[in-house]
Amino acid sequence: MMTNDSSKVPQNETFTWLQPGAWRKPCIVHVTMVAKDRQPLFGSLAHDGAEAVVEKTPIGWILVNQQRRLLELCPEIKILADKVMPDHHHMVVQVRCTMPRSIKEVLRGYMQGCKEAARKLGVTENLYDAPPFYRVLTHKGQLHAMIEY
């Protein structure tokens, strides 16, 4: 009897994301960063007459501005898509060449920059609940799904 267990890695492939330096290499990553206690810190849902939209709060605009700074500080990456939601935000990031720091370190710096800018607005609490959630593109067709998410 044949079984289809997709959780098994074929013997001729190795799971390289656990190897040292793997997160510094070219890849495409979908990152989700969640607001503290799922509070709507980044915006509110509204309707523009045709579709639902997110009206960003000042903190939501900080996220956008920090993305610009991120690209200035780290030219090895490209943001393929981003979406600010009221209580979380997504980015699809392409690492175009091997970097001196891992993408996880780079995005941790982005989050710290967001927190620092929010503090200048008087926000004293932490913006985020936990470390971000990372999904690495691993197969054909996944990029479209990441961008449309």
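**Exercise 1. State what share of the residues of the protein is buried, and describe its accessible surface.**

Solution. Of the protein's 149 residues, 38% count as buried. The structure is a predicted model. Its accessible surface comes to about 9700 Å², and carbon and sulfur atoms account for 53% of that surface.

**Exercise 2. List the helices and strands of the protein in order from the N terminus.**

Solution. Begin with the totals: the protein has three helices and six strands. Then place them along the chain, where the elements run β-β-β-α-β-β-α-β-α from the N terminus on.

**Exercise 3. Determine the order of the strands in the open sheet, and explain why one side of strand 4 and of strand 6 is left without a neighbour.**

Solution. The open sheet consists of four strands in the order 4-5-1-6, and their pairing is antiparallel. Strand 4 (77-84) and strand 6 (133-136) stand at the edges with a single partner strand each, so one side of either strand lacks a neighbour in the sheet. From one strand to the next, the twist averages 20°.

Next, examine one pair: strand 1 (residues 27-34) is joined to strand 6 in the antiparallel sense over four bridges. Val31 has Tyr134 of strand 6 as its bridge partner.

**Exercise 4. Identify the strands that helix 1 and helix 2 meet, and give the angles.**

Solution. Helix 1 (residues 58-73) packs on the sheet and touches strand 4 and strand 5 (88-95). The direction of helix 1 makes about 175° with that of strand 4. Helix 2 (residues 103-120) lies across strand 1, strand 4, strand 5 and strand 6, and helix 2 runs at about 140° to strand 5.

How values were computed. Residues are numbered from 1 along each chain as its sequence is written. This is a predicted model: local features need pLDDT of at least 70, side-chain atom pairs count only at pLDDT 80 or more; totals for chains, interfaces and linings use all residues. Side-chain values use heavy atoms; hydrogens and water are left out. Two strands pair if DSSP finds at least two bridges between them. Helices (H or I, at least four residues) and strands (E, at least two) are DSSP runs, numbered from the N terminus. Axes are lines fitted to C-alpha atoms, for helices over the stretch in contact, and angles run from 0 to 180 degrees between N-to-C directions. Contact means heavy atoms within 4.5 Å. Buried means under 20% relative accessible area, exposed over 50%, partly exposed in between (1.4 Å probe, protein chains only). Accessible areas come from the Shrake-Rupley method with a 1.4 Å probe; for residues, only the protein chains shown count as cover.
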